[in-house]
Amino acid sequence: MPRFITVAILMVLFWTTWSFAVEWEHVYECNNLPDDKALGDKAWSVFGTSEIGKITKDGELHITDPDNKVGFFMRDIRVDEATVEARVKVLSQAGVSYSLLFGIEDGVTDAWLDLFPDHIGIDNGGPIHNIDMTKYNILRVTKDKRNKIAVYADDEKVLEGVTGGNSGRKDIIFGAGSSGGSSESYWDYVVYTTTGAFSPEELPNYTSKLAVEGEGKSATCWGMIKSR
Ligand SMILES: [Ca+2]
Ligand SMILES: [Ca+2]
């Protein structure tokens, strides 16, 4: 093979690798309760109790939150801008808007996405998007340094808004956010990065990223066989 073709192939491979440089910084697969000490430094802190959660045999966190308990989970981390994604479904929600939520809190203002069986909405009176949440959807919330929020459902941008409220916390947050509220939900995974507010084009959703890595391995094997 002429040397310049080899060099060109190497450059393409290098570019491909470089273009996937943005990575999820934290992956929670829902194979343990979020605050399980077995997760070590990957464990989440809890407000209320994780007793409202059960892990299913399929690696899901099944939260059944009654109207006299609360349980939400936090990764205490400084966040000026962030991207958080969850594969989640919602069977019921009653009570205040944030009875079931996930999002980003930067210590000054909050980016909460409220979850309901038939819609999702940016908290503090932000816009809503009708969607059947009784089936699994991949939802993503991003917050940039100017406190703009974008929400994606299955890789499509569905909501834009701004942050509001102030919990005073600095973290990535998800779970059942209200004592008086109640809800039932299933979470397959929660992933995030605090390096930026990324669209699915810039940072593929966690599920497709696994698929790409699988294909990458196949391609490598094929290349090795071919070169023999
Ligand atoms: Ca509750
Ligand atoms: Ca899972």
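Ile77 counts as partly exposed because it has 15 C-beta neighbours inside 10 Å; a residue is buried with 20 or more other C-beta atoms within 10 Å of its own, exposed with 12 or fewer, and partly exposed in between, the C-beta atoms being placed from the backbone. The structure is a predicted model, in which local features need pLDDT of at least 70 and side-chain atom pairs count only at pLDDT 80 or more, while totals for chains, interfaces and linings use all residues. Residues are numbered from 1 along each chain as its sequence is written, and chains are lettered from A and ligands numbered from 1 in the order in which they are written.

**Overall make-up**

- The protein has 2 helices and 15 strands; these are DSSP runs numbered from the N terminus, with helices being H or I of at least four residues and strands being E of at least two.
- Of the 228 residues in the protein, 37% are buried.
- Among contacts between residues at least 6 apart in sequence, 67% join residues at least 24 apart; two residues are in contact if their C-beta atoms, placed from the backbone, lie within 7 Å.

**The open sheet**

- An open sheet is formed by 7 strands in the order β2-β5-β14-β7-β8-β9-β10, with antiparallel pairing; two strands pair if DSSP finds at least two bridges between them.
- The edges are β2 (45-48) and β10 (128-130), each with a single partner strand, so one side of each has no neighbour in the sheet.
- From one strand to the next, the twist averages 15°; axes are lines fitted to C-alpha atoms, for helices over the stretch in contact, and angles run from 0 to 180 degrees between N-to-C directions.
- Strand β9 (residues 119-122) is joined to β10 by 3 bridges, and the two run antiparallel.
- In this pair, Gly121 stands opposite Ile128 of β10.

**Strand β7 and its partners**

- Strand β7 covers residues 101-106, and 6 of its 6 residues are buried.
- In a regular strand the side chains alternate between the two faces of the sheet.
- On one side of β7 are Leu101, Gly103 and Glu105, on the other Phe102, Ile104 and Asp106, and all are buried.
- With strand β8 (residues 110-115), β7 shares 5 bridges in an antiparallel arrangement, and Gly103 stands opposite Trp112 of β8.
- The two strands β7 and β8 form a hairpin with 3 residues between them, and Gly107 in the turn has a positive phi of about 95°.
- Strand β14 (residues 170-176) is joined to β7 by 6 bridges, also antiparallel, with Phe102 opposite Phe174 of β14.

**Nonpolar core**

- The largest nonpolar core has 48 residues, and those with the most contacts inside it are Phe102, Leu113, Val151 and Val190; such a core is a set of buried Ala, Val, Leu, Ile, Met, Phe, Trp, Tyr and Cys residues joined through C-beta atoms within 7 Å.
- Apart from neighbours within four places in sequence, the contacts of Leu113 include Leu101, Phe102, Ile120 and Val151.

**Two loop residues**

- Ile77 lies in the loop between β5 (71-76) and β6 (82-94).
- Not counting neighbours within four places in sequence, Ile77 is in contact with Lys170, Asp171, Ile172 and Thr194.
- The C-alpha atoms of Ile77 and Ile104 are 9.9 Å apart, while the two residues are 27 residues apart in sequence.
- Ser167 is in the loop between β13 (156-162) and β14, and with 18 C-beta neighbours inside 10 Å it counts as partly exposed.
- Leaving out residues up to four places away in sequence, Ser167 touches Glu105 and Asp110.
- Ser167 and Val108 are 59 residues apart along the chain, with their C-alpha atoms separated by 7.6 Å.
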